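The following exercises are to be worked with the sequence and the coordinates at hand. Each task is followed by a solution in steps.

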Amino acid sequence: MKLSILALLPALVASVTGRPSETVEKRATPKVYLAGDSTMAKGGGGSGTGTEGWGVYLPYSLNIPVVNDAIGGRSARSFTNEGRFQSIIDAVQPGDFVIIEFGHNDGGSLSTTDNGRTDCGGDGTETCISPTTGETVYTFVFYVVQAGKAIQAKGGNVIVSSQTPDNPWEGGSFTYTPSRFVGYAKTAAKAIGAAYVDHGQYVANEFQALGLTKVTSFYPNDHTHTSPDGANVVAAAFVKSVLCANDVLAPHVKNSTASVPGSCI
């Protein structure tokens, strides 16, 4: 039977923090922490060189510091299992912000092998058993909710962001179909009352407006990892999504950039 993830939140928080919330003094100036994969991380990722993550350009649009803890090749599951969410939770002080964006490495199958990144399918408390290690594997939503509630318990503000699209012009014509992890991100945000921004759709809209030639130039090595110019556009699209959603980070935007045209969605 599928259980409500909301009913399990106290246990989830305890399992992440390992201890009750502590009273921590609010910073004079809040910080923004980034939790994500190579599409957000410094240096980008993928084969070859010449890529950059969009998180590198976010500081230019904000009036508060940004700590980019994104790292290539990670999923919501592996970011949890490696203690990377815990490191952010430990660092967060009241009033800080944490942007969570995963999806590119969360897919795959657990039927015969396990790469350590694949989540269990579903949008609630479903579990799978790793055929390789015997580990109990949880869903994307579970991992994000688990981390998000622990961050909120410290007084932090959580923003769940949908994953960026692969090159939607790759086949020569524009096609964007959100992955299931876009929906899962929205589900996770709703479960904990966190802000949600549809970063993927805003990037897709901008890429459609820019056209085949320009967007193709953003992908020097593969269809996922962007060049510095592409990452800058992706960052601008995130800022636009924040402003359009009027979420908790919006008051800290100092440069909304005119490079992302069009209306809010």
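**Overall composition**

The chain of this predicted model contains eight helices and seven strands.

**Exercise 1.** Determine what percentage of the residues in the chain is buried, and characterise the accessible surface and the contacts.

*Solution.* Step 1: a residue counts as buried when its relative accessible area is under 20%. By this criterion, buried residues form 51% of the 265 residues in the chain.
Step 2: the accessible surface of the chain amounts to about 11,200 Å², and carbon and sulfur atoms contribute 52% of that area.
Step 3: consider the contacts with a separation of 6 or more; 71% of them are between residues 24 or more positions apart.

**Exercise 2.** Establish the strand order of the open sheet and identify its edge strands.

*Solution.* Step 1: strands of a sheet pair through backbone hydrogen bonds, in either a parallel or an antiparallel manner.
Step 2: here five strands form an open sheet in the order β2-β1-β3-β6-β7, and the pairing is parallel.
Step 3: β2 (66–68) and β7 (195–197) each pair on one side only and are thus the edge strands.
Step 4: with direction ignored, neighbouring strands of this sheet are turned against each other by 20 degrees on average.

**Exercise 3.** Describe the pairing of β3 with β6 and the helices that pack on the sheet.

*Solution.* Step 1: β3 (residues 97–101) and β6 (residues 157–161) are joined in the parallel sense over four bridges. Within this pair, Ile99 stands opposite Ile159 in β6.
Step 2: helix α4 (residues 140–153) packs on the sheet and touches β3 and β6, its direction making about 155 degrees with that of β6.
Step 3: helix α8 (residues 228–245) also packs on the sheet, where β3, β6 and β7 are touched; the direction of α8 makes about 130 degrees with that of β7.

**Exercise 4.** Specify the geometry of the packing between α4 and α5.

*Solution.* Step 1: two packed helices are described by the angle and the distance between their axes.
Step 2: the axes of α4 and α5 (residues 180–192) come within 9 Å and cross at roughly 35 degrees. The crossing is right-handed.
Step 3: the residues of α4 that meet α5 include Phe140, Val144 and Gly148; among their counterparts in α5 are Phe181, Tyr184 and Ala188.

**Exercise 5.** Which residues of α3 are buried, and how are they arranged about its axis?

*Solution.* Step 1: in α3 (residues 84–91), the buried residues are Phe85, Gln86, Ile88 and Ile89.
Step 2: viewed down the axis of α3, these residues fall within an arc of 160 degrees, so they line one face of the helix.

Key. Residues are numbered from 1 along each chain as its sequence is written. This is a predicted model: local features need pLDDT of at least 70, side-chain atom pairs count only at pLDDT 80 or more; totals for chains, interfaces and linings use all residues. Side-chain values use heavy atoms; hydrogens and water are left out. Buried means under 20% relative accessible area, exposed over 50%, partly exposed in between (1.4 Å probe, protein chains only). Helices (H or I, at least four residues) and strands (E, at least two) are DSSP runs, numbered from the N terminus. The arc is that of the directions from the helix axis to the C-beta atoms. Contact means heavy atoms within 4.5 Å. Accessible areas come from the Shrake-Rupley method with a 1.4 Å probe; for residues, only the protein chains shown count as cover. Two strands pair if DSSP finds at least two bridges between them. Axes are lines fitted to C-alpha atoms, for helices over the stretch in contact, and angles run from 0 to 180 degrees between N-to-C directions. A crossing is left-handed if the near helix is turned anticlockwise from the far one by less than a right angle, and right-handed if clockwise.
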